[in-house]
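Me: Please examine one part of this structure closely, beginning with a single loop and then following the elements around it. I should like a connected account, with the reasoning given where there is any.

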Amino acid sequence: MKRVDFFLAYFLLAVIQILITNYLHLSYFITLTILPVMVLSIPIRYSTNAALFIAFATGISVDLLADGVLGLNTLALVPVAFLRNTTISLVFGEEMFSRKEDFSVRRNGFTKVALAILFVQALFLIIYITADGAGTRPFWFNLLRFVCSLITGFIVSLVAVEALSPEGRS
């Protein structure tokens, strides 16, 4: 049942991301995304290859169903999936893998979860903003967009990570 619960929550958050992308335009300086934390929250029992496939399918779905450049979310999300295990290992430790235990704020603490979220959000946004601007926007604009997007994305991702955590689904 836990597997079904995770994928139902994951699917609902993907729909929310599509709605955010289509209808919630806060500013040119804000790219609001929960996709990186969704990929980070894929249960440990899934391999990197499975995470890469899930990230690709999620990114391409959002790209196809939301307004924007086709492939942009996919381009930025696949590296997050590739570095998912490395991020978890660095932030939470190797014991997560030996116990096959998923992370959560309740078990691992707010600071570690926040650090992991900031890392995957930053990785996603650096790739996304760089590819979206494609050398046409000045550095100051991209930097300001990165900072504003990182702050807003972090806040929204805290809610998403709780929805995807084992305690949030039970």
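Reply: Lys100 sits in the loop that joins α6 (95-99) to α7 (105-108). The model is a predicted one, and the angles and distances given here are computed from it. Although Lys100 is not a glycine, its phi is positive, at about 50 degrees. Most residues other than glycine have a negative phi. Lys100 has a relative accessible area of 56%, so it is classed as exposed, the cut-off being over 50%.

A second positive phi is found at Gly93, just after α5, with a value of about 100 degrees. Helix α5 itself covers residues 84-92, and its buried residues are Arg84, Thr87, Ile88, Ser89, Val91 and Phe92. These buried residues pack against α6 and α7, and also against α2 (35-40), α3 (48-65), α4 and α8. From the loop, the account can thus pass by way of α5 to α4 and α8.

The packing of α4 against α8 can be described in more detail. Two packed helices are described by the angle between their axes and the distance between the axes. For α4 (residues 72-82) and α8, the angle is about 145 degrees and the axes are 9 Å apart. Their crossing is right-handed. On the α4 side the contact is made by Leu72, Asn73, Leu75, Ala76, Leu77, Pro79 and Val80, and on the α8 side by Val120, Leu123, Phe124, Ile127, Tyr128, Ala131 and Asp132. Sorted by class, this contact comprises 12 nonpolar residues, 1 polar residue and 1 charged residue.

Two of the α8 residues in that contact, Phe124 and Tyr128, also form an aromatic pair. A search of the whole structure finds 7 aromatic pairs. In the pair of Phe124 and Tyr128, the ring centres are 5.6 Å apart and the planes stand at 20 degrees; the pair is stacked because planes under 30 degrees apart count as such. Where do the two residues lie with respect to each other in α8 (residues 110-133)? Phe124 and Tyr128 are 4 residues apart, and therefore separated by about one helical turn. An α-helix has 3.6 residues a turn, so residues three or four places apart point the same way. Phe124 is buried, with a relative accessibility of 0%; Tyr128 is buried too, at 13%.

A further pair joins Trp140 and Phe141, with ring centres 6.0 Å apart and planes at 85 degrees, which makes this pair edge-to-face because the angle is over 60 degrees. Trp140 is exposed at 53% relative accessibility, whereas Phe141 is buried at 11%. Elsewhere, Phe6, Phe7, Tyr10 and Tyr46 make up one aromatic cluster.

Phe124 also leads to α2, through Pro36. Pro36 belongs to helix α2 and is buried, with a relative accessible area of 0%. Apart from residues up to four places away in sequence, Pro36 touches Leu77, Val80, Val120, Gln121 and Phe124. Among these, Leu77 and Val80 are α4 residues in the contact with α8, while Val120 and Phe124 are α8 residues in that contact. Pro36 and Val105 are 69 residues apart in sequence, and their C-alpha atoms are 17 Å apart in space.

The region around α2 can be followed to α1 as well. Gln17, in helix α1 (residues 2-23), is buried at 2% relative accessibility. The side chain of Gln17 reaches the backbone nitrogen of Ile34 at 2.7 Å. With neighbours within four places in sequence left aside, Gln17 contacts Leu32, Thr33, Ile34, Leu35 and Val62. Leu13 is also in α1, and is buried with a relative accessible area of 9%. Beyond its neighbours within four places in sequence, Leu13 is in contact with Ile34, Met38, Ala160, Ala163 and Leu164. The C-alpha atoms of Leu13 and Leu35 are 8.4 Å apart, with their positions 22 residues apart in sequence.

Helix α9 (residues 139-164) contains Val159, which is exposed at 61% relative accessibility. Val159 and Val37 are 122 residues apart in sequence, yet 10.0 Å apart in space, C-alpha to C-alpha.

Technical notes:
Residues numbered from 1 in each chain as written. Predicted model: local features only at pLDDT ≥ 70, side-chain atom pairs only at ≥ 80, totals over all residues. Heavy atoms only, no water. Phe/Tyr/Trp six-rings, centres within 6.5 Å; stacked < 30°, edge-to-face > 60°. Buried < 20%, exposed > 50% of the residue type's maximum accessible area, 1.4 Å probe, protein only. Axes fitted to C-alpha atoms, helices over the stretch in contact; angles between N-to-C directions. Left-handed = near helix turned anticlockwise from the far one by under 90°. Contact = heavy atoms within 4.5 Å. Nonpolar A, V, L, I, M, F, W, Y, C, P; charged D, E, K, R; others polar. Polar contact = N/O pair within 3.5 Å; in protein donor to acceptor, adjacent residues only side chain to side chain.
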